[in-house]
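Good morning, everyone, and thank you for making the time. Please have a look at the structure on the screen, and I will then take you through it one part after another.

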Amino acid sequence: LRCCDHRQADLLVVQDPKSKVNKSTEVDVDIREIGIYKFVARDSGHHELVLESPLHNATIALMDLDAVQSILEVYMERFNVLKENRMNLLTVIFKNHGARSGANIAHPHSQVVALRVMPSELRLSLERAQRYFNDHGCCLYCKMIRHEVQMDSPLNSSKSRVVVESSCFVALIPYAATVPYETHIFPRRHADTIGGLTVEELADLARILRDVLRRLYGLLQNPDFSYVFRNAPYVHEGCTFYHWHVVVTPRMFDRTAFEICTSVPINSMLPERCAENLRSYDWRDGAMGSVG
């Protein structure tokens, strides 16, 4: 697939040969019923692979910033191109690194999938965000970001959950992280998708994404991980209640029976301790600084 003119000429976007979706631009979603059950009889959408480097052992944590920014430019371009197809409801951008993350291709890559059905988890997130906006008149995520970066908050007196921040983005461990070292990257400017990032924001996102992945790479010794760009569906474009963000999840632990039964995650480490460890990691020395 042709992409925009990237400085990283070795970056390539191809259609996934193992795609489970129909690539036709005019195929409607065919939802059928068998008794009380529903199923999609004909999958439809788009599934693309972003091949990030010609080097088989490359990883974003160790790439130069131009290469990382080129990957992000491809994400934004493909997001906007797939939006032009009226059949697509939303586009999911994600990366799996390592066997425990579910990666079945060893070469460094990420994936862009346009869907024509709404995943239940995203629908619930949208409903919660909209309910909060209706009750309080402001974006839940904007309010959370302000709280996390305030020095004088009684529950967060030293930005204790912030890992790193920049002029355009904040990376933090959420108050209710589901696993140790789960890190969320939020734009300071309210936006519902990545489709309208400025040149400055793209460059800043490249820096902070690589910074977070580099800290995880060094501190946890190149862990398996996943990251996903959480965007609002295209039909909610311009909405005031949802705030796009990146979720980086180390994949080091299996779910327990309790978690499977209740859908309640068990996290054995406080988010403040995880954030402190990541902040204290000195990449230049290859070792952690002093941790209190």
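**A walk through the predicted model**

Let me begin with a single residue, Tyr181, which has a relative accessibility of 7% and therefore counts as buried, since the cut-off for that word is under 20%. Before I go further, please keep in mind that what you see is a predicted model. Tyr181 sits in the loop between S8 and S9, and its phi angle is near 70 degrees, which is a positive value in a residue that is not glycine. Most residues other than glycine have a negative phi, and that is the reason for pointing this one out.

A second residue of this kind is Asn222, whose phi is near 55 degrees, again positive although the residue is not a glycine. Asn222 is found in the loop between H4 and S10, and with a relative accessible area of 35% it is partly exposed.

Now let us step back to the whole chain, which has 292 residues, 50% of them counted as buried. The chain contains six helices and 13 strands. If we take the contacts between residues at least 6 apart in sequence, 68% of them join residues that are at least 24 apart. The accessible surface of the chain comes to about 14900 Å², and 54% of that surface belongs to carbon and sulfur atoms.

How are the strands of the sheet ordered? Nine strands form an open sheet, and as you go across it you meet them in the order S1-S4-S6-S5-S10-S11-S9-S8-S7, with antiparallel pairing. Strand S1, residues 12-15, and strand S7, residues 162-165, stand at the edges, and because each has a single partner strand, one side of each is left without a neighbour in the sheet. From one strand to the next, the twist averages 20 degrees.

I would like to look at strand S5 with some care, which covers residues 90-97 and pairs with strand S10, residues 225-230, in the antiparallel sense over five bridges. Within this pairing, Phe94 has Val228 of S10 as its bridge partner, while His97 is partnered by Phe225, also in S10. S5 is also joined by five bridges to strand S6, residues 109-115, and these two run antiparallel; here Thr91 has Ala114 of S6 as its bridge partner. Seven of the eight residues of S5 are buried, so the strand is largely enclosed by the rest of the structure.

At the edge of the sheet that ends in S7, this strand and S8 pair in the antiparallel sense over three bridges. A hairpin of three residues connects S7 to S8, and Val164 stands opposite Ala171 in S8.

Next come two helices that meet the sheet. Helix H3, residues 140-149, lies across S7, S8, S9 and S11, and it runs at about 110 degrees to S9. Helix H4, residues 199-219, packs on the sheet as well, touching S7, S8, S9, S10 and S11, and its direction makes about 15 degrees with that of S8.

Which residue does the UniProt annotation "active site" cover? According to that record, which is an unreviewed entry, the residue is His109. His109 lies in strand S6, and since its relative accessibility is 3%, it counts as buried. Setting aside its neighbours within four places in sequence, His109 is in contact with Leu49, Val50, Leu51, Glu52, Lys95 and Asn96.

Finally, a word on the cysteines, for the structure holds zero disulfides. For Cys138, the closest cysteine sulfur is that of Cys139, and the 7.4 Å between the two sulfurs is too far for a bond. Cys168, with a relative accessible area of 10%, is buried.

To sum up, we have followed a predicted model from a buried tyrosine in a loop, Tyr181, through an open sheet of nine strands, to the annotated residue His109. Thank you for listening.

Methods:
Residues numbered from 1 in each chain as written. Predicted model: local features only at pLDDT ≥ 70, side-chain atom pairs only at ≥ 80, totals over all residues. Heavy atoms only, no water. Pairing = 2+ DSSP bridges. Helix = DSSP H or I, 4+ residues; strand = E, 2+ residues; numbered from the N terminus. Axes fitted to C-alpha atoms, helices over the stretch in contact; angles between N-to-C directions. Contact = heavy atoms within 4.5 Å. Buried < 20%, exposed > 50% of the residue type's maximum accessible area, 1.4 Å probe, protein only. UniProt positions renumbered as here; feature names shortened; annotations may be inferred. Areas by Shrake-Rupley, 256 points an atom, 1.4 Å probe, with all protein chains shown as cover. Disulfide = S-S within 2.5 Å.
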